[in-house]
Amino acid sequence: MLIPLAIHLSRITGKIIVQRWLQPAIPPAKLFDQFAFKSRLSTAALVYFTHQLAKMLEQNDYVKCLMVDFTKAFDTVDHVILLSKLAQLNLPAFVINWICPFLTGKSQQCKVNGSDAINIGLSIVQGSGIGPTLYIVMKSDLCALSELNDIFKYADNTMLLVPEHSDTELEVEFNHIKAWAAAIKLLTFKSEQDKRNGFQAANDYIFSSTACCW
């Protein structure tokens, strides 16, 4: 009974930390483009996408859309990088002190021929009370290079919109996303074959003003 009770207490405490301190400390501009893990429904992301696409098509004949999926995003979150991003927020010291042991002290073990447990320096628990918001912090500084383009996110999925008359091409924006992901050690490709295939690692579409009716 003690282990299930501890899990429930940890989840409740995590939600309190999120509601009272963590989420208010994240600048609204960095929360606006993330539609998952908040009170907004998934339909809000679809409405935002449709609205932005329609606005772009008013002044452009087509809009390029690139959808990027980060492989095992929650499992590859680096604790050191995450804590450095949390340190940049206006958080009380006790909040950071609570999050540190929440992230650390975990190990995994595969019992084959007497193998030993190893410490885990990566990952956040998606089903925990605080895990999803920590992922929002991790991804909050990803934005488009050009103000004419638009990036918005739903959990570990990222969508990029680049209109016809943009000053920054889709390939340049995609390279920026890959560089950002590499800097924080997130994976954008599921395999080396995907990496060699370049844009085949993500889904890209073109929406035209003649093919869409609003």
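## Ser146 and its surroundings

Is Ser146 buried or exposed? In this predicted model, Ser146 is buried, with a relative accessible area of 5%, and its place is in the loop between H6 and E4. That value lies below the 20% under which a residue counts as buried.

Two polar contacts involve the side chain of Ser146: one of its polar atoms lies 3.1 Å from the backbone nitrogen of Leu148, and a polar contact of 2.5 Å joins the side chain to that of Asp167. When neighbours within four places in sequence are left aside, Ser146 is in contact with Ser166, Asp167, Thr168 and Glu173, so that Asp167 appears both in this list and as a partner in the polar contact.

## Salt bridges between distant parts of the chain

The structure holds four salt bridges, and three of them are described here. In one of the four, the side chains of Asp33 and Lys153 meet with an N to O distance of 3.2 Å. This pair links distant parts of the chain, with Asp33 in the loop between helix H2 (28-31) and helix H3 (42-59) and Lys153 in strand E4 (residues 150-154), 120 residues apart. Asp33 counts as buried at 10% relative accessibility, and Lys153 is buried as well, with a relative accessible area of 1%.

Another salt bridge is formed by the side chains of Glu169 and Lys64, at 3.8 Å from N to O. Here, too, distant parts of the chain are linked: Glu169 is in the loop between strand E5 (157-163) and helix H7 (170-183), Lys64 is in strand E1 (residues 62-69), and their positions lie 105 residues apart in sequence. Glu169 counts as partly exposed at 47% relative accessibility, and Lys64 counts as partly exposed at 25%.

## Asp78, Lys185 and helix H4

Lys185 forms a salt bridge with Asp78, the closest N and O atoms being 3.7 Å apart. Because Lys185 lies in the loop between H7 and helix H8 (192-197) and Asp78 in the loop between E1 and helix H4 (79-87), the pair ties together parts that are 107 residues apart in sequence. Lys185 also has a phi near 65°, a positive value in a residue other than glycine. Asp78, for its part, is buried, with a relative accessible area of 10%, and it caps the N-terminal end of H4, where a side-chain oxygen of Asp78 lies 3.0 Å from the backbone nitrogen of Val80.

Within H4, the buried residues are His79, Ile81, Leu82, Lys85 and Leu86. They cover an arc of only 165° around the axis, and therefore they sit on the same side of H4. On the other side of H4, Val80 and Ala87 are exposed.

## Nonpolar cores

The largest nonpolar core has 39 residues, and those with the most contacts inside it are Leu22, Phe70, Leu82, Leu86 and Leu134. Two or more residues are given to this core by each of helix H1 (2-25), E1, H4, helix H5 (93-103), helix H6 (131-139), E5 and H7. Leu82 and Leu86, named among the buried residues of H4, thus recur in the list of residues with the most contacts inside the core.

Leu22 touches Ile17, Leu86, Leu89, Leu91, Ile130, Thr133, Leu134 and Val137, not counting residues up to four places away in sequence. Apart from the largest core lies another, of twelve residues, among them Phe35, Leu53, Cys65 and Phe152.

## Ala155 and Asn157

Ala155 is found in the loop between E4 and E5, and it has a positive phi of about 60° although it is not a glycine. Ala155 is buried, with a relative accessible area of 11%.

Asn157, by contrast, is partly exposed, with a relative accessible area of 34%, and is found in strand E5. Its contacts, leaving aside neighbours within four places in sequence, are with Val68, Asp69, Lys139 and Phe152; Phe152 is also one of the residues of the twelve-residue core. Asn157 and Thr71 are 86 residues apart in sequence, while their C-alpha atoms are 9.5 Å apart in space.

Technical notes. Residues are numbered from 1 along each chain as its sequence is written. This is a predicted model: local features need pLDDT of at least 70, side-chain atom pairs count only at pLDDT 80 or more; totals for chains, interfaces and linings use all residues. Side-chain values use heavy atoms; hydrogens and water are left out. Helices (H or I, at least four residues) and strands (E, at least two) are DSSP runs, numbered from the N terminus. Buried means under 20% relative accessible area, exposed over 50%, partly exposed in between (1.4 Å probe, protein chains only). The arc is that of the directions from the helix axis to the C-beta atoms. A polar contact is a pair of N or O atoms within 3.5 Å; within protein, one must be able to donate a hydrogen and the other to accept it, and residues adjacent in sequence count only if both atoms are side-chain atoms. A nonpolar core is a set of buried Ala, Val, Leu, Ile, Met, Phe, Trp, Tyr and Cys residues joined through side-chain atoms within 4.5 Å. Contact means heavy atoms within 4.5 Å.
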